[in-house]
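Trainee: I am new to this structure and would be grateful for a close look at a single part of it. Please begin with one residue and its place in the chain, and then widen the view to the surroundings.

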Amino acid sequence: MADSETEFRHETARLILRDWREDDWPEFWRTTNTPAVMRWLGGVQDEAARAAAQTRVEGYRNDHGHTFWVIERKDDAALLGFCGLKRSNQPGGPQGMMEIGWRLREDAWGQGYAKEAAAASLALAFERFGVDEVIALTVQGNTGSWGLMRRLGMERRPDLDFDSADFDPENPRIIIHAIARDTWESQP
Ligand SMILES: CC(C)(COP(=O)(O)OP(=O)(O)OC[C@H]1O[C@@H](n2cnc3c(N)ncnc32)[C@H](O)[C@@H]1OP(=O)(O)O)[C@@H](O)C(=O)NCCC(=O)NCCS
């Protein structure tokens, strides 16, 4: 989607964060469009929803120069999922703030890959994209996701919470965590 001169690529110890290529999408959906991965994201997605998600992710890249990038494992070039940065745009929620997000295939959970990709994304938000604050959204039931937010040093911002029926039909509350540049820089 981006030519080689402008392709985004960022390496961490074990991972590469990079722009999407057209042939990433079938593999991404094959490995992540599962009941476990999509449990707190509205469930397994049909073809129309998958196409809309692809359009959104590619649009963020075109509009802002950043998106929820592909996570590729260096060892074997496996596509583990996505992690990265968008501008918050959920109806009813805060608009235009730098937002971090992640979604990894289930067999890549529990190995610190998400935290490694997320820490790199936070550093990029502050150092390359120049924002002063990054937020993250999830539902209360998604302990894996808000646990990661806490492990990254993010703190609850109940003043930004809102309701959306799109994710957890039993509890529409979307909870927000945030981290400011100062806090990020003061972490070991
Ligand atoms: C949310 C999600 C990304 C969290 O992934 P994760 O693998 O649990 O998160 P981390 O990368 O921080 O890994 C932490 C675990 O790896 C372990 N670990 C192993 N090696 C590690 C290492 N080198 N560094 C850090 N942690 C390591 C930790 O001990 C911890 O294990 P535990 O969960 O048993 O306590 C994942 O559950 C997911 O993709 N969920 C589905 C999609 C989703 O809901 N996305 C969010 C929508 S809001």
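Mentor: Let us begin with Leu41, which sits in the loop between helix H1 (24-32) and helix H2 (47-64). Please bear in mind that this is a predicted model. Is Leu41 buried or exposed? A residue needs 20 or more other C-beta atoms within 10 Å of its own to be buried. Leu41 has 19 such neighbours inside 10 Å and therefore counts as partly exposed.

From this loop one may turn to a distant stretch of the chain. Leu41 and Thr138 are 97 residues apart along the chain, yet a distance of 9.0 Å separates their C-alpha atoms. Thr138 in turn leads to the ligand, for among the 19 residues around the ligand, those that come nearest are Gly112, Ala114, Lys115, Thr138 and Gly144. Two or more residues of this shell are given by each of strand S5 (98-104), helix H3 (113-127) and helix H4 (143-151). The greatest contribution to the shell is that of H4, with 4 residues. Sorted by class, the residues of the shell are 9 nonpolar, 7 polar and 3 charged.

Helix H3 also provides a path to the interior. The largest nonpolar core comprises 45 residues, and Ile71, Cys83, Ala117 and Ala118 have the most contacts inside it. H3 supplies the largest share of this core, namely 8 residues. Ile71 shows how such contacts bring together separate parts of the chain. When its neighbours within four places in sequence are left aside, Ile71 is in contact with Leu15 and Leu17, with Leu80, Gly81, Phe82 and Cys83, and with Leu104, Tyr113 and Ala117. Two of these partners, Cys83 and Ala117, are themselves among the core residues with the most contacts.

It remains to place these parts within the whole. The protein contains 5 helices and 9 strands, and from the N terminus on their order is β-β-α-α-β-β-β-α-β-α-β-β-β-α. Its radius of gyration is 16 Å, close to the 16 Å given by the globule rule for 188 residues, so the protein is as compact as a globular protein of that length. Along the principal axes, the C-alpha atoms fill a box of roughly 40 × 40 × 30 Å. Of the 188 residues, 31% are buried. Finally, among contacts with a separation of 6 or more, 60% are between residues 24 or more positions apart.

Notes
Residues numbered from 1 in each chain as written. Predicted model: local features only at pLDDT ≥ 70, side-chain atom pairs only at ≥ 80, totals over all residues. Near = placed C-beta within 6 Å. Nonpolar A, V, L, I, M, F, W, Y, C, P; charged D, E, K, R; others polar. Core = buried A, V, L, I, M, F, W, Y, C linked by C-beta atoms within 7 Å. Buried ≥ 20, exposed ≤ 12 C-beta atoms within 10 Å, placed from the backbone. Contact = placed C-beta atoms within 7 Å. Rg over C-alpha atoms; globule rule 2.2 N^0.38 Å.
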